[in-house]
Amino acid sequence: MKSSDTRWGSVIQWLHWLMALGILGNGVLGLVMVDMSRGMDKLNTYAIHKSIGLTVLALLILRVCWRMLDRAPRDEPMPRWQSLAAHATHGVLYLFMLALPLSGWIYNSANGNPLQWFKQFNLPALLDKNEDLAEIASEAHEILFWILIVVLIAHVGGALVHHWLERDNTLLRMLPFARLRARKTGENP
Ligand code: HEM
Ligand code: HEM
């Protein structure tokens with residue numbers, strides 16, 4: 001379950017892919033739902049969107065806690081600038097994973113709307129109703145999503161370059177069940 005020197009542990013691997021799916025799927029749902037015509041379907045889709053977003057937030061808390069208790073594998077051999085850029089990107093992605101659901105929650109609160117998690121329990125408003133703030137939070141929520149997509153393009157692009165061009169283990173060590181490639185001779189262990 002824990003990470004080793006050469007690969008991510010299963011907990012981080014599953015959290016990574018589950019959250020990636022949750023965030024991207026919820027982004028698509030968000031874009032679709034805002035254009036739906038008014039009615040029960042739209043209301044239900046909003047409720048599902050908010051619930052998935054809250055789940056992502058809960059998983060983020062779990063992931064950060066686990067990450068603090070676990071080690072991270074050593075970087076695959078790569079130039080220092082690349083390693084710095086990758087770590088900086090990861091930091092930004094963590095910030096967005098927090099800011100996106102939080103801005104949604106702030107928007108929902110400032111709008112004075114109730115909040116439930118999959119019809120199971122209620123969550124409190126983070127602040128009082130405030131129309132000006134609701135407008136800013138709604139804009140922020142959308143802009144944050146599009147910036148996240150731009151950062152993700154760099155993140156995914158980097159992973160694929162390592163996999164297909166560098167032919168190292170950067171992607172494989174994040175994939176559950178994948179077998180790592182043997183290191184090229186001459187590389188540091
Ligand atoms: C993984 C987390 C989330 C992602 C990726 C995400 C993404 C999005 C996107 C792309 C939109 C469409 C924006 C637009 O075109 O106007 C949207 C709208 C919205 N989101 Fe989220 N969201 C997330 C979490 C949340 C959470 C946790 C809440 C509330 C608790 C929330 C509440 C809303 C609401 C109310 C709208 C509709 C805004 C409007 O009607 O203008 N979102 N979201
Ligand atoms: C919403 C989508 C995604 C988010 C928010 C995200 C976020 C992150 C973060 C924060 C890390 C650093 C892990 C840590 O240090 O704890 C990471 C690692 C990684 N991600 Fe993603 N990721 C996403 C999607 C993807 C996708 C689609 C790919 C596939 C190509 C990918 C490939 C990787 C790889 C290979 C690593 C490990 C990098 C290494 O070992 O140095 N990610 N991701």
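The legends below describe close-up views of two pockets and two iron sites in a predicted model. Local features require pLDDT of at least 70 and side-chain atom pairs pLDDT 80 or more, whereas totals for chains, interfaces and linings use all residues. Residues are numbered from 1 along each chain as its sequence is written, ligands are numbered from 1 in the order in which they are written, and side-chain values use heavy atoms, without hydrogens and water.

**View 1. The largest pocket encloses about 1,400 Å³ of space.** A pocket is an open set of points on a 1 Å grid over the protein atoms alone where a 1.4 Å probe fits, with protein on both sides within 12 Å along at least five of seven lines; lining residues have an atom within 4 Å of a point. Of the 42 lining residues, Met 33, Tyr 46, His 49, Lys 50 and Tyr 107 lie closest to the centre. Two or more residues each come from α1 (10–33), α2 (40–69), α3 (80–110) and α4 (131–166), helices being DSSP runs (H or I) of at least four residues, numbered from the N terminus. Helix α2 provides the largest share, 12 residues.

**View 2. The second largest pocket has a volume of about 1,100 Å³.** Its 42 lining residues include His 16, His 90, Leu 93, His 155 and Ala 159, the closest to its centre. Helix α3 contributes the most to this lining, with 12 residues, and α1, α2, α3 and α4 each supply at least two.

**View 3. His 16 and His 155 are the protein donors of the iron atom of ligand 2.** The NE2 atoms of both residues lie 2.0 Å from the iron; donors are N, O and S atoms within 2.8 Å of the metal (3.2 Å for Na, K and Ca). The six donor atoms subtend angles of 86 to 179°, so the arrangement is octahedral (six donors, opposite ones over 155 degrees apart and all others between 65 and 115). Because His 16 lies in helix α1 and His 155 in helix α4, the pair ties together parts 139 residues apart in sequence. His 16 is buried at 14% relative accessible area, and His 155 is partly exposed at 22% (buried, under 20%; exposed, over 50%; partly exposed, in between; 1.4 Å probe, protein chains only).

**View 4. His 49 and His 141 are the protein donors of the iron atom of ligand 1.** Each supplies NE2, lying 2.0 Å from the iron. Six donor atoms, with angles of 86 to 179°, make this arrangement octahedral. The pair links helix α2, which holds His 49, with helix α4, which holds His 141, 92 residues apart. His 49 is buried at 13% relative accessibility, while His 141 is partly exposed at 22%.

Conventions
Points joined across faces, edges and corners; volume = space filled by probe spheres on them. Tetrahedral: all angles 85-135°; square planar, octahedral: opposite > 155°, others 65-115°.
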